[in-house]
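Thanks for making time. I'll go through one model today, starting at the surface and working inward to the charged pairs.

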Amino acid sequence: MSGLASFRSALKERVTWFLACLMVVEALLLFVWSIPGTIALRNGLTVLLLILLVCTPKDATLVKASLHTLGGRLVLVLSLWIVAHNLIFAWDTGRSWYESLQWYKSLVCMGLGLGLVCVSRKTGQENHWRIWLWGAALAWALHLLLNLALKDWSSPFHAVLQESTAIGSRDMESYLGTGLLGFLLADAVARMVNGTRLFPLPSWALGLGVSVTIILTAATLTRNALPVMAAEIALAIVALIGASKTRTQKIRRAGLAAAAMGLVMAMGVADVKLDPRWKTFEDSVHIAWDIDGHKWWLDSQRYPRPELSPGVPVDDSAYLRTAWLHGAIRMISHYPLGTGYDRNAFRRALEREYGPIDNPPGHAHAGLLDFTLGSGVPGGVLLVAALGALAWLGWRRWRESGHVAGLALALYVSAYILRACMDGIVRDHMLEQAMFIMGLLLAATLTNTSTNTSKSPA
C-alpha cells in the first residue's frame with residue numbers, strides 16, 4: 001500500500017509540474033504569436049507545448065465531444081473539402097498543397113486548445129480550464145500596454161497613435177484588444193447574472209479592465225475595431241438583459257449597458273477627431289467603388305492616385321480597402337470554384353483576369369473573401385457555417401446553463417467573424433491563434449458548469 005501511495009504522490013507531482021510548465025509555455029506563445037520576426041520562436045513554443053501536452057495525463061472525452069458538435073464536424077468537412085479542392089480545382093496543385101499547410105497547422109493549434117482543457121479535467125477540478133484564458137488575457141493586455149509604452153512620443157499625438165512598434169502593428173494590437181474585450185465582457189455579464197467569475201479579479205478591477213481595454217484598442221486608430229467592439233458590447237447587453245428576472249434588474253443592467261456603449265461611442269467620436277482620414281472617408285469610398293474607372297487599387301505604379309478635388313488625394317486606406325473588397329467580390333463571381341488555397345489568391349485571380357501586373361495587391365484585406373476566393377464558394381460557406389455553429393453553441397450553452405465559457409465563445413467567435421469581413425485575419429498566425437482560442441473555449445463550453453452563487457447577482 002505504501003508503494004501505491006508513493007506512486008500516486010509521484011504521479012500527482014508530475015501532473016502539477018507539467019501543468020505549471022504548460023501554463024508558462026502557453027502564456028509565452030500567446031505573447032509572441034503576434035510579434036513580427038518571431039516565426040522560429042513561435043513554432044518552437046508550439047512544438048514544446050505539443051510535447052508537454054502529449055506527456056501530461058489527460059481526459060480525452062472532451063475532444064470526442066467537441067468533434068461531435070456541429071461546429072467541430074463542419075471544421076472537419078471543410079478540411080476534407082480543402083484536400084479535394086487541392087486535387088481537383090486548384091490552378092497550381094503544388095502551391096495549394098504548400099499554402100494549405102497553414103490551415104492544417106491551425107487545426108493542430110485548435111487541438112492544442114482542446115487538449116489543454118482535457119489536462120484541466122484530469123486534475124479533477126472543472127474550473128481549471130480558466131487558467132488558460134488567464135494566460136491569453138495577460139499576454140494580450142501586455143501587448144496593449146506595451147503598444148503605447150514603446151512608441152516615440154516626440155511626434156504629434158495622432159501620428160504617434162498610428163505608429164507600429166517592435167511588438168506589432170496597430171492593426172494587430174487592435175485585433176488582440178477586441179479578443180480581450182470579449183473575455184472581459186463575458187466575465188462581467190456572468191458575474192451580474194449568476195455570480196460566476198472568469199478571472200480572479202474584484203469587480204472594480206474588472207470594470208476598469210473593460211474601460212482600459214476599450215480605450216487602448218480605440219487608441220490604435222484602427223477604424224475596423226470600432227464596429228467590432230460595438231458588436232461585442234451589443235451582444236453582451238442582449239445576454240445581460242435577456243437573463244434579467246425582475247424589472248429592477250433590467251433597469252439597473254440597462255444603465256450599465258448604456259454606460260459601456262456610451263464609452264465606445266465616445267471613443268468613436270475621439271477617433272473621428274484625432275484621425276484626419278475621416279474627413280475624406282465617405283468621398284474616398286464612393287470613388288473606390290468604381291474599380292473600372294479608377295485603377296490605382298490594381299497597380300499603384302502604373303495608374304494615378306484618384307483625387308477628390310484638384311490637389312486633394314483620396315484617403316489611401318479607405319480607397320484601397322473598399323476597392324479591394326469590390327474587386328474580391330468580382331473575382332469570386334468570376335471564379336466561384338476558387339483559385340486554390342493561397343494567402344495571395346486575390347493576386348493570382350487578378351493576374352488571370354487582367355494579365356501581368358507589376359505591383360498587384362496580394363490579398364483583399366477581407367479575410368472571409370480571401371479565403372472564399374482561394375477555396376471556392378463551398379469553402380467560404382463551410383468556414384462561415386463552422387464559425388457560426390461554434391458561436392451558436394456557445395450562446396445556447398449560456399442561455400441554458402449560464403456557462404461563462406459559452407458566452408465567451410459566442411463573443412469571441414462573433415467578433416472574429418465580423419473582423420474577418422474587414423481585415424485579412426483568416427491566415428497565418430492570426431488564424432492559428434484564433435483556432436487555438438476557439439478550441440480552448442469549445443472544450444471549456446462542454447464542461448459541466450460550476451456556478452458560484454455566494455454573491456447575489458446584480
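Valine 108 is partly exposed, because its relative accessible area is 42%, and the band for that label runs between 20% and 50%. This is a predicted model, so please keep that in mind throughout. Valine 108 sits in helix α6, which covers residues 101-122. Together with Leu50 and Val54, Val108 makes up a nonpolar patch on the surface, and the accessible area of the three comes to about 250 Å².

Another valine in the partly exposed class is valine 384, at 39% relative accessible area. Its place is in helix α16, residues 367-401. Computed along the chain is the wrong way to think about its surroundings: leucine 74 is 310 residues away in sequence, yet the C-alpha atoms of the two are 9.6 Å apart.Now the chain as a whole. The secondary structure amounts to 18 helices and 2 strands. Of the 458 residues, 52% are buried. The accessible surface is about 19,600 Å², and carbon and sulfur atoms account for 66% of that. If we take contacts between residues at least 6 apart in sequence, 75% of them join residues at least 24 apart.

Next, the interior. In soluble globular proteins, nonpolar side chains tend to be buried together. Here the largest nonpolar core has 105 residues, and the members touching the most other members are Trp103, Tyr412 and Phe436. Helix α9, residues 170-194, supplies the largest share of this core, with 14 residues. A separate core of 24 residues lies apart from it, and includes Ala288, Phe346, Ile357 and Leu369.

What does phenylalanine 436 touch, leaving aside residues up to four places away in sequence? The list for phenylalanine 436 is Glu26, Leu30, Trp33, Leu49, Cys109, Met110, Leu112, Gly113 and Leu116.

That leaves the charged pairs. Side chains of opposite charge can pair when their charged atoms come close. The whole structure has 13 salt bridges. I'll take three of them, starting with glutamate 99 and arginine 343, where the N to O distance is 2.8 Å. Glutamate 99 belongs to helix α5, residues 93-99, while arginine 343 is in the loop between α14 (316-334) and α15 (345-354), so this bridge ties together parts 244 residues apart in sequence.

Are the two partners buried or exposed? Glutamate 99 is buried, with a relative accessible area of 8%. Arginine 343, at 30%, counts as partly exposed.

Arginine 343 also forms a salt bridge with aspartate 428, with the closest N and O atoms 2.6 Å apart. Aspartate 428 lies in helix α18, residues 428-445, and arginine 343 in the α14 to α15 loop, so the pair ties together parts 85 residues apart in sequence. Aspartate 428 is buried, at 16% relative accessibility. With Arg427 added, Glu99, Arg343 and Asp428 are linked in a network of salt bridges.

The third pair is aspartate 342 with arginine 348, whose closest N and O atoms are 3.5 Å apart. That distance counts because the cut-off for a salt bridge is 4 Å. Aspartate 342 is buried, at 5% relative accessibility, and arginine 348 is buried as well, with a relative accessible area of 13%.

That is where I'll stop.

Technical notes. Residues are numbered from 1 along each chain as its sequence is written. This is a predicted model: local features need pLDDT of at least 70, side-chain atom pairs count only at pLDDT 80 or more; totals for chains, interfaces and linings use all residues. Side-chain values use heavy atoms; hydrogens and water are left out. Helices (H or I, at least four residues) and strands (E, at least two) are DSSP runs, numbered from the N terminus. Buried means under 20% relative accessible area, exposed over 50%, partly exposed in between (1.4 Å probe, protein chains only). Patches are made of residues with over 30% relative accessible area and no salt bridge: like charges are joined within 9 Å, nonpolar side chains (Val, Leu, Ile, Met, Phe, Trp, Tyr) within 5 Å. Accessible areas come from the Shrake-Rupley method with a 1.4 Å probe; for residues, only the protein chains shown count as cover. A salt bridge is a side-chain nitrogen of Lys or Arg within 4 Å of a carboxyl oxygen of Asp or Glu. A nonpolar core is a set of buried Ala, Val, Leu, Ile, Met, Phe, Trp, Tyr and Cys residues joined through side-chain atoms within 4.5 Å. Contact means heavy atoms within 4.5 Å.
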